[in-house]
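The exercises below are to be worked with the sequence and the model open side by side. Each task is followed by a solution in steps.

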Amino acid sequence: MQKKYRFADYAGFDCGGVEIGIKTWGENEPPRAGEPCLNFLVDDVQEMYKSLRNNGVNFINPPKHTRWGGKIALFSDPDGNLIQLTEIDWDKYFNTCAMGG
């Protein structure tokens, strides 16, 4: 996989046109609620949500906007692993990051 970018606790990798994100907890910090979580970057969260829901996926959280320029939806697989779909408005995301929030 090709690394696309990295932050202190997250790295995004390109896997054949699909982004796979890996999140860490920092040095010795224990896992926080809701982690670990496999994150898929998608073009349209609402469209993916409808498609997966129509195919029997039960979502924990339907699509919602974030303050950092994203739209996310959360579900779990049959083994209880958390999976998040993320759509990012990159302009808003970078502006929010530049403002420190």
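**Exercise 1.** In which helix is the place of Asp91? State also whether Asp91 is buried or exposed.

Solution. The model is a predicted one, in which local features need pLDDT of at least 70, side-chain atom pairs count only at pLDDT 80 or more, and totals for chains, interfaces and linings use all residues. Residues are numbered from 1 along each chain as its sequence is written, and side-chain values use heavy atoms, with hydrogens and water left out.

Step 1. Asp91 is placed in helix H2. Helices (H or I, at least four residues) and strands (E, at least two) are DSSP runs, numbered from the N terminus.

Step 2. The relative accessible area of Asp91 is 60%, so this residue is exposed. The classes are buried (under 20% relative accessible area), exposed (over 50%) and partly exposed in between, with a 1.4 Å probe and protein chains only.

Step 3. Asp91 and Gly69 are 22 residues apart along the chain, and their C-alpha atoms are separated by 7.8 Å.

**Exercise 2.** Describe the order of the secondary structure elements and the burial in the chain.

Solution. Step 1. The chain holds two helices and seven strands. Their order along the sequence is β-β-β-β-α-β-β-β-α.

Step 2. Of the 101 residues in the chain, 27% are buried.

Step 3. Helix H1 covers residues 45–54, and Asp44 caps its N-terminal end: a side-chain oxygen of Asp44 lies 3.1 Å from the backbone nitrogen of Gln46. Just after H1, Gly56 has a positive phi of about 95°.

**Exercise 3.** Which strands does S6 pair with, and in what sense?

Solution. Step 1. Two strands pair if DSSP finds at least two bridges between them. S5 and S6 are antiparallel and share four bridges; in this pairing, Lys64 is opposite Ile72 in S6.

Step 2. S6 and S7 also run antiparallel, joined by seven bridges. Here Ser76 stands opposite Leu82 in S7.

Step 3. Both pairings are hairpins. Four residues lie between S5 and S6, and Gly69 in that turn has a positive phi of about 95°. Five residues lie between S6 and S7, where Gly80 in the turn has a positive phi of about 90°.

Step 4. S6 is largely enclosed by the rest of the structure, because six of its seven residues are buried.

**Exercise 4.** Follow the pairing from S2 through S3 to S4, and then to S7.

Solution. Step 1. Strand S2 (residues 10–15) is joined to S3 by six bridges, and the two run antiparallel. Cys15 is opposite Val18 in S3. The hairpin of S2 and S3 has two residues between the strands, and Gly16 takes a positive phi near 65° there.

Step 2. S3 (residues 18–23) pairs with S4 in the antiparallel sense over three bridges. Glu19 is opposite Leu41 in S4, and Gly21 is opposite Asn39.

Step 3. S4 and S7 (residues 82–88) run parallel and are joined by five bridges. Leu41 has Thr86 as its bridge partner in S7.

**Exercise 5.** Is Asn39 buried or exposed? List the polar contacts of its side chain.

Solution. Step 1. Asn39 sits in strand S4 (residues 37–41). With a relative accessible area of 13%, Asn39 is buried.

Step 2. A polar contact is a pair of N or O atoms within 3.5 Å; within protein, one must be able to donate a hydrogen and the other to accept it, and residues adjacent in sequence count only if both atoms are side-chain atoms. The side chain of Asn39 makes such contacts with the side chains of Gln84 at 3.4 Å and Thr86 at 2.6 Å.

Step 3. Contact means heavy atoms within 4.5 Å. Leaving aside neighbours within four places in sequence, the residues in contact with Asn39 include Tyr10, Glu19, Ile20 and Leu85.
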